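Open the model in your viewer and keep the selection tool at hand. We will go from stop to stop, with something to pick at each one.

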Amino acid sequence: MNRIRHPRASRAASPLCAALLSCALAAPALADHNEGGGVDAKSHAPIGVMGDHLHAPGEVMFSFRYMRMGMEGSRIGTDPVAPETIATTVPNRFFGAPGQPPTLRVVPTDMTMDMYMLGAMVGLTERVTLMVMGQVIEKEMNHLTFAGPAGPDLLGEFQTKSSGFGDTKIAALVGLFDQTKTGGVWRAHLNLGLSLPTGSIGERDQILTPTGATPSPRLPYPMQIGSGTVDLEPGITIVGETDRFAWGAQYRATVRLDDNEAGYTHGDAHIGTAWAQWGPTPAWAFSVRAEARAQDAIDGIDPMIVAPVQTANPDFQGGTTVMAGPGANYAVQSGPLRGHRLAVEALFPLVRDLNGPQLETDWTLTLGWQKTF
């Protein structure tokens, strides 16, 4: 149940491949064990990277990831902007429609997103691994509502929530090469993925309007659970490894194939990441990773999303973000839990250049478990 509060009330605390490349060269699966036969913590990338390794024929790996993202404050381009400035100066694209004020009188202040991701990988051949991932997503966003059509007077606060099954990811990882050179091993593979629109794009919740009304309309774009479109997700991954160190780089894209049934499509996205790991023992690997993401604004518009708030404007979506941070993998070496991996990673922003006003990401935290059979 969402809560609507007035200014003196306290604020509540509070996301298969299209084709295989027939000319890919044969490549053996990525090694998963150290020379002593134990599981090697650095044989997998930091937990925030997906599709980073292949598996031997018949080998199966299950994984579970939990990711929490925190956003607070808005930004136009690279500049922070206060809620009062947004409410009094940023034009409302829906002005002229019934009940729509000239400026954005509803301003989001912060948002959290929790993602629960269950995945499986299976080695089909020496050079092809199949992967599938399903996810459950929960979102909460807090807002300020300013009274009337103009002025800085605050009417109240409210929170919206949405949750459900997100889009489903399926992919094939196709080996390109596996070479042993002086001092280490180099491997590369293609990531050929497809995103299926199993997440909802019709979520609703109660809001507080500048007139004091409390309807329950369709929520704006960032609060929807899925994309509503079938998306291609091509990419390439390169990794290297020595006795004590591992490193890698990955590029992935999301290419939208068509508008969804509501009449819009999320912008194409391009993500590049690179990491380095140090494994002082087979049980432990410590990492640092950087990730750059560029995403276009939404194309089209949902005619049922009409509100004096920045999140309802398709142009105020997307931008460029660069994040970086530490991580750790732990692999159990003996006992009944031998072979289980636990991992953690935290990322923090270095660059935020947003098509705004738009809420800015302040941090992400990912926890994970993996086990190969």
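What follows is a walk through the chain, from the overall picture to single side chains.

**The whole chain**

Before you select anything, keep in mind that this is a predicted model. Colour by secondary structure, and you should find one helix and 16 strands. Now switch on the surface. The chain exposes about 16000 Å², and 62% of that comes from carbon and sulfur atoms. Of its 373 residues, 52% count as buried.

**Stop 1: a salt bridge across the sequence**

Select Lys 42 and Glu 241. Their side chains form a salt bridge, with 3.2 Å from N to O. Lys 42 belongs to the loop between β1 (4-5) and β2, while Glu 241 is in strand β9 (residues 231-241), so the bridge ties together parts that are 199 residues apart in sequence. Are these two residues buried or exposed? Lys 42 counts as buried because its relative accessibility is 5%. Glu 241 is also buried, at 17%.

**Stop 2: more charged pairs**

Side chains of opposite charge can pair when their charged atoms come close. The count for this structure comes to 14 salt bridges, so there is more to pick.

Go to Glu 140 and Lys 161, whose closest N and O atoms are 3.7 Å apart in a salt bridge. This pair links strand β5 (residues 128-146), which holds Glu 140, with strand β6 (residues 154-165), which holds Lys 161; the two residues are 21 apart along the chain. Glu 140 is partly exposed, with a relative accessibility of 23%. Lys 161 is partly exposed too, at 31%.

Next, select Glu 345 and Arg 289. Here the salt bridge spans 2.8 Å from N to O. Glu 345 sits in strand β16 and Arg 289 in strand β13, 56 residues apart. Both Glu 345 and Arg 289 are buried.

For a group of charges, select Arg 75, Arg 352, Glu 360 and Asp 362 together. Salt bridges link these four residues in a network.

**Stop 3: aromatic rings**

Time to show the rings. A pair of aromatic rings is described by the distance of the centres and the angle of the planes. The structure holds seven aromatic pairs. Begin with Tyr 66 and Tyr 116: the ring centres are 5.2 Å apart and the planes lie at 40°, so this pair is tilted. It links distant parts of the chain, with Tyr 66 in strand β2 (residues 60-77) and Tyr 116 in strand β4 (residues 106-123), 50 residues apart. Tyr 116 is partly exposed, with a relative accessible area of 29%.

Then select Trp 284 and Phe 286. These rings are stacked, with 5.6 Å from centre to centre and 0° between the planes. Trp 284 is partly exposed at 37% relative accessible area, and Phe 286 is partly exposed at 36%. Add Trp 278 and Tyr 330 to the selection, and you have one aromatic cluster made of Trp 278, Trp 284, Phe 286 and Tyr 330.

**Stop 4: charges over rings**

Which ring does Arg 93 lie over? Select Phe 94: Arg 93 lies over its face, 5.8 Å from the ring centre. Now pick Lys 371 and Phe 373. The charged end of Lys 371 sits over the ring of Phe 373, at 4.4 Å from the centre.

**Stop 5: Val 288 and its neighbours**

Return to strand β13 (residues 284-295) and select Val 288. Its relative accessibility is 48%, so Val 288 counts as partly exposed. Which residues does Val 288 contact, leaving aside neighbours within four places in sequence? They are Ala 274, Trp 275, Ala 276, Gly 325 and Pro 326. If you draw a distance from Val 288 to Trp 247, the C-alpha atoms are 9.6 Å apart, with these positions 41 residues apart along the chain.

**Stop 6: a nonpolar patch on the surface**

Finish with the surface on, and select Val 344, Phe 348, Trp 363, Leu 365 and Leu 367. Together they make a nonpolar surface patch of about 380 Å². One of them, Leu 365, lies in strand β16 (residues 340-372). Leu 365 is partly exposed, with 31% relative accessible area.

Technical notes: Residues are numbered from 1 along each chain as its sequence is written. This is a predicted model: local features need pLDDT of at least 70, side-chain atom pairs count only at pLDDT 80 or more; totals for chains, interfaces and linings use all residues. Side-chain values use heavy atoms; hydrogens and water are left out. Patches are made of residues with over 30% relative accessible area and no salt bridge: like charges are joined within 9 Å, nonpolar side chains (Val, Leu, Ile, Met, Phe, Trp, Tyr) within 5 Å. Accessible areas come from the Shrake-Rupley method with a 1.4 Å probe; for residues, only the protein chains shown count as cover. Helices (H or I, at least four residues) and strands (E, at least two) are DSSP runs, numbered from the N terminus. Buried means under 20% relative accessible area, exposed over 50%, partly exposed in between (1.4 Å probe, protein chains only). Contact means heavy atoms within 4.5 Å. Rings of Phe, Tyr and Trp (its six-membered ring) pair if their centres lie within 6.5 Å; planes under 30 degrees apart count as stacked, over 60 as edge-to-face and the rest as tilted. A charge sits over a ring if NZ of Lys or CZ of Arg is within 6 Å of the ring centre and within 35 degrees of the ring normal.
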